[in-house]
Amino acid sequence: MKLIGSLTSPYVRKVRVVLAEKKIEYEFELDSPWSPESNVPNINPLGKIPVLVLDEETTLFDSRVISEYLDNVAPNNKLMPESNRGRAEAKRWCAVGDGICDAAALIFLERKRPPVQQSADWIRRQEDKITRSLSYLSEQLGDNAWCMGTHYSLADVGVGCALGYLAFRFPEITWQTSYPNLLRLYEKLLHRPSFSETIPKE
């Protein structure tokens, strides 16, 4: 199978982490939908990354869809809980992580517009989402070892990739000092090769 994406996207990183945790071999093709020569719109009508191309040329897109597919492809190192309640809770963690990434990406894109065209109100709305979400994640995590309590799961992957994206693109958001339990979680994640080898870079 082949994964198409960039080295900076937190959504692509999430899939790369899952692939590493599941020990699934794949080809990684760099492509950014923002490039004029990008092939992404030809294989994903939404024009977004990541895109996973299966061996029979079927394409999957959206990191949530891809991650769950990969977790079910191989029985080793299960990342999603078996119970319906557990799966719902893991998805809730991932939804907050993805929401942080969505808001952060919108701010990043807005700041690329000419200054006279930027909306301070729009940026503030996205910043508020990030602030509320970080507070929520910290409260939910508490003193637990992992997001789901005692075991590593897809919830940690989603939250970890969101925190990594903030550290990469928004160093001015000092979540590390405001929420030491989130920092503890992220530092623990960086001890895993799946995270340390996928740190976003230009």
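A search of the whole structure, which is a predicted model, finds 15 salt bridges. One of them joins E68 and R87, whose closest N and O atoms are 2.9 Å apart. E68 belongs to helix α3 (residues 63-73) and R87 to helix α4 (residues 84-110), so this salt bridge ties together parts that are 19 residues apart in sequence. The relative accessible area of E68 is 23%, and the residue is therefore partly exposed.

Other salt bridges lie within a single helix. In helix α4, R85 and E89 are four residues apart, about one turn of the helix. The two residues form a salt bridge in which the closest N and O atoms are 3.0 Å apart. R85 is exposed, its relative accessible area being 63%. Its partner E89 has a relative accessibility of 26% and counts as partly exposed, because exposed residues are those over 50% and buried ones those under 20%.

A salt bridge also connects the side chains of R124 and D121, with an N to O distance of 2.7 Å. With a relative accessible area of 42%, R124 is partly exposed, whereas D121, at 52% relative accessibility, counts as exposed. Both residues lie in helix α5 (residues 120-141), where they are three residues apart, about one turn of the helix. Elsewhere, K14, D62, R64 and D98 are joined into one network by salt bridges that share partners.

The strands were examined next. Four strands make up an open sheet with mixed pairing, in the order β2-β1-β3-β4. The edges are formed by β2 (27-30) and β4 (59-61), each of which pairs on one side only. On average, neighbouring strands of this sheet are turned by 20 degrees against each other, direction ignored. Within the sheet, strand β1 (residues 2-5) and strand β3 (residues 51-53) run antiparallel and are joined by three bridges. In one of the pairs between these strands, K2 has V53 in β3 as its bridge partner.

Helices lie across strands of the sheet. Helix α1 (residues 10-22) lies across β1 and β2, and runs at about 155 degrees to β1. Helix α3 lies across β3 and β4, and its direction is at about 120 degrees to β4. Helix α3 is also the helix that contains E68, the salt-bridge partner of R87 in helix α4.

Technical notes:
Residues are numbered from 1 along each chain as its sequence is written. This is a predicted model: local features need pLDDT of at least 70, side-chain atom pairs count only at pLDDT 80 or more; totals for chains, interfaces and linings use all residues. Side-chain values use heavy atoms; hydrogens and water are left out. A salt bridge is a side-chain nitrogen of Lys or Arg within 4 Å of a carboxyl oxygen of Asp or Glu. Helices (H or I, at least four residues) and strands (E, at least two) are DSSP runs, numbered from the N terminus. Buried means under 20% relative accessible area, exposed over 50%, partly exposed in between (1.4 Å probe, protein chains only). Two strands pair if DSSP finds at least two bridges between them. Axes are lines fitted to C-alpha atoms, for helices over the stretch in contact, and angles run from 0 to 180 degrees between N-to-C directions. Contact means heavy atoms within 4.5 Å.
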